[in-house]
Amino acid sequence: MPTSAVIDRTLDAIRELGGRVTDQRRAILRVLFEGSDHVTADDIAGRVKAQLPDVHITTVYRFLDTLAEMGLVTHVHLGHGPAVYHLSAHRHAHVVCERCGEIGVIPEAVLQGWSEQLQPAVGFRLVDQHFAFAGICEACSATA
């Protein structure tokens, strides 16, 4: 489905929930759907400001919160920096290399299997992928 159609469907869902559709919200969605994955709110604000110079970072954060409440966006802490946001198309967790900063994804199937093993072992069920697992990527391991 083309990006514009997905954005229009998302805006329709926002309207159905009583939300307003503004040029700022359209621009934020465009950045999220057309841009790279794992972007900070500052990254989003910077890209939106290129089109709409009067957009304030607070507007970006508030709309990201709305999208998170709708289940469309998730944020994750990849280390010591700011949270990054990505579309919630599929459940997954993250790994981040402590040397080069590369971000990797743990697929849902692997995560589910690990979660099922964790439950009986320690009595704990994973419910969110809010934080990333830190480690060393394959490329950095090869150069060590």
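Colleague: Which residues does Thr10 touch, not counting residues up to four places away in sequence?

Modeller: This is a predicted model, and a contact list of this kind is read from its atoms. Leaving out the residues up to four places away, Thr10 touches Leu29, Phe33, Leu67 and Leu72. Thr10 itself is found in helix H1, which covers residues 3-16.

Colleague: Is Thr10 to be read as buried or exposed?

Modeller: The reading rests on relative accessible area, and buried means under 20%. Thr10 has 7% relative accessibility and therefore counts as buried.

Colleague: What does the secondary structure of the protein come to, and how do the elements run from the N terminus on?

Modeller: The protein has six helices and five strands. Taken from the N terminus, the order of elements is α-α-α-α-β-β-β-β-α-β-α.

Colleague: How should the overall dimensions and the burial be described?

Modeller: Along the principal axes, the C-alpha atoms fill a box of roughly 45 × 35 × 30 Å. The protein has 144 residues, of which 31% count as buried. The exposed area is about 8,900 Å², with carbon and sulfur atoms supplying 53% of it.

Colleague: What share of the contacts joins residues at least 24 apart?

Modeller: One takes the contacts between residues at least 6 apart in sequence; among these, 47% join residues at least 24 apart.

Colleague: Where does Leu52 lie, and which residues is it in contact with beyond its neighbours in sequence?

Modeller: Leu52 belongs to the loop between helix H3 (41-51) and helix H4 (57-69). With neighbours within four places set aside, its contacts are Asp23, Gln24 and Ala27. For Asp23, the two positions are 29 residues apart along the chain, while their C-alpha atoms are separated by 8.3 Å. Leu52 has a relative accessible area of 25%, so it is classed as partly exposed.

Colleague: Which residues does Tyr61 touch, and what is its place in the structure?

Modeller: Tyr61 is placed in helix H4. Apart from residues up to four places away in sequence, it touches Ala41 and Tyr85. The C-alpha atoms of Tyr61 and Ala45 are separated by 9.0 Å, these residues being 16 apart along the chain. Tyr61 is partly exposed, because its relative accessible area is 37%.

Colleague: What separation is found between His94 and Ala45?

Modeller: His94 and Ala45 are 49 residues apart along the chain, and their C-alpha atoms are separated by 23 Å. His94 is located in strand E3, residues 93-97. With a relative accessible area of 0%, His94 is therefore buried.

Colleague: How many salt bridges does the structure hold, and which residues form a salt bridge?

Modeller: The general idea is that side chains of opposite charge can pair when their charged atoms come close. The structure holds one salt bridge. Asp12 forms a salt bridge with Arg15, and their closest N and O atoms are 2.9 Å apart.

Colleague: Why are Asp12 and Arg15 separated by about one helical turn?

Modeller: The separation is about one helical turn because Asp12 and Arg15 are three residues apart in helix H1. As to accessibility, Asp12 counts as partly exposed at 39%. Arg15 is likewise partly exposed, with a relative accessible area of 41%.

Colleague: How far apart are the mean positions of the positive and negative charges?

Modeller: The protein carries 12 positive and 17 negative charges, and the mean positions of the two sets are 6 Å apart.

Colleague: Which residues make the nonpolar surface patch?

Modeller: To enter a patch, a residue needs over 30% relative accessible area. Here Val95, Trp114 and Phe133 make a nonpolar surface patch of about 250 Å². Phe133 has a relative accessible area of 36% and is thus partly exposed. In the secondary structure, Phe133 is placed in strand E5, residues 133-135.

Notes:
Residues are numbered from 1 along each chain as its sequence is written. This is a predicted model: local features need pLDDT of at least 70, side-chain atom pairs count only at pLDDT 80 or more; totals for chains, interfaces and linings use all residues. Side-chain values use heavy atoms; hydrogens and water are left out. Patches are made of residues with over 30% relative accessible area and no salt bridge: like charges are joined within 9 Å, nonpolar side chains (Val, Leu, Ile, Met, Phe, Trp, Tyr) within 5 Å. Accessible areas come from the Shrake-Rupley method with a 1.4 Å probe; for residues, only the protein chains shown count as cover. A salt bridge is a side-chain nitrogen of Lys or Arg within 4 Å of a carboxyl oxygen of Asp or Glu. Helices (H or I, at least four residues) and strands (E, at least two) are DSSP runs, numbered from the N terminus. Buried means under 20% relative accessible area, exposed over 50%, partly exposed in between (1.4 Å probe, protein chains only). Contact means heavy atoms within 4.5 Å. Lys and Arg count as positive and Asp and Glu as negative; His and the chain ends are not counted. The place of a charge is taken as NZ of Lys, CZ of Arg, CG of Asp or CD of Glu.
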